[in-house]
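User: I would like to go through this model label by label and hear what justifies each one. Please set every value against its cut-off before drawing a conclusion.

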Amino acid sequence: MTEPPNFQYTPLPPVNTYAILAAVFAFVVFPPLGIYFGGKAKEQIAQSGERGIELANVGVIAGWILSVLFGLFIIVWCGLVGTAVFGVFNGAN
């Protein structure tokens with residue numbers, strides 16, 4: 001009678017902390033921090049073999065997209081406020 005094969009449980013490597021922070025910061029806190037932490041996470045994952053490359057990529061991509069959108073919002077907002085302020089001053093003369 002043959003014995004069944006012996007299967008051993010091998011634990012998964014941990015998820016990189018910077019990768020988690022990259023995704024959280026990109027969406028919740030400040031998008032450029034998502035870009036920074038995503039880049040650092042990719043470096044650490046390449047060296048250590050940890051999990052989380054997907055989270056790091058999400059942090060970098062979402063960080064860039066949301067940073068551009070935030071920058072465009074600031075430019076449009078400044079234009080509208082500038083038009084309103086200078087429009088009031090020009091109309092008062």
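Analyst: Helices and strands are DSSP runs (H or I over at least four residues for a helix, E over at least two for a strand), and they are numbered from the N terminus. This is a predicted model, in which local features need pLDDT of at least 70 and side-chain atom pairs count only at pLDDT 80 or more, whereas totals for chains, interfaces and linings use all residues. Residues are numbered from 1 along each chain as its sequence is written, and side-chain values use heavy atoms, with hydrogens and water left out. With that convention, Asn16 is placed in the segment before H1.

User: Why is Asn16 called buried?

Analyst: Asn16 has a relative accessible area of 1%, and the term buried applies under 20%, exposed over 50% and partly exposed in between (1.4 Å probe, protein chains only), so the label follows.

User: What makes the side chain of Asn16 a contact partner for the backbone nitrogen of Ala19?

Analyst: A polar atom of the Asn16 side chain lies 3.1 Å from the backbone nitrogen of Ala19. A polar contact is a pair of N or O atoms within 3.5 Å in which, within protein, one can donate a hydrogen and the other accept it, and residues adjacent in sequence count only if both atoms are side-chain atoms. Also at the start of H1, the backbone nitrogen of Tyr18 has a side-chain oxygen of Asn16 within 2.8 Å.

User: How do you know where the buried residues of H1 sit around its axis?

Analyst: In H1 the buried residues are Ala19, Ala22, Ala23, Phe25 and Ala26. The arc they cover around the axis is only 170 degrees, which means that they lie on the same side of H1; the arc is taken from the directions that run from the helix axis to the C-beta atoms. Thr17 and Val28, on the other side of H1, are exposed.

User: What makes the length of H2 close to the expected value?

Analyst: Helix H2, residues 31–48, holds 18 residues and spans 25 Å between its first and last C-alpha, close to the 26 Å expected at 1.5 Å a residue; that expectation is 1.5 Å times one less than the number of residues. After H2 comes Gly49, with a positive phi near 80 degrees.

User: Which residues of H2 are buried, and which exposed residues are carried on the face turned away from them?

Analyst: The buried ones are Pro31, Gly34, Phe37, Gly38, Ala41 and Ile45. Their arc around the axis is only 110 degrees, so they share the same side of H2. The face turned away from that buried side carries Ala46 and Gln47, both exposed; for Gln47 the relative accessible area is 72%.

User: Why is the contact of Glu43 with Lys40 called a salt bridge?

Analyst: The closest N and O atoms of Glu43 and Lys40 are 3.9 Å apart, and a salt bridge is a side-chain nitrogen of Lys or Arg within 4 Å of a carboxyl oxygen of Asp or Glu, so the pair qualifies. Glu43 and Lys40 are three residues apart in helix H2, which means a separation of about one helical turn. Both count as partly exposed, Glu43 at 47% and Lys40 at 30%. The search of the whole structure finds one salt bridge.

User: What makes the pair of Tyr18 and Phe37 edge-to-face?

Analyst: Three aromatic pairs are found in the whole structure. In the one formed by Tyr18 and Phe37, the ring centres are 5.2 Å apart and the planes stand at 65 degrees, an edge-to-face arrangement. Because Tyr18 belongs to helix H1 (residues 17–29) and Phe37 to helix H2, this pair ties together parts 19 residues apart in sequence. The pairing rule for rings of Phe, Tyr and Trp (its six-membered ring) asks for centres within 6.5 Å, and planes under 30 degrees apart count as stacked, over 60 as edge-to-face and the rest as tilted. Tyr18 is partly exposed at 28%, while Phe37 is buried at 14%. Tyr36 and Phe37 also pair edge-to-face, since their centres are 5.3 Å apart and their planes are at 70 degrees. Tyr36 itself is partly exposed at 46%. One aromatic cluster is formed by Tyr18, Phe25, Tyr36 and Phe37.
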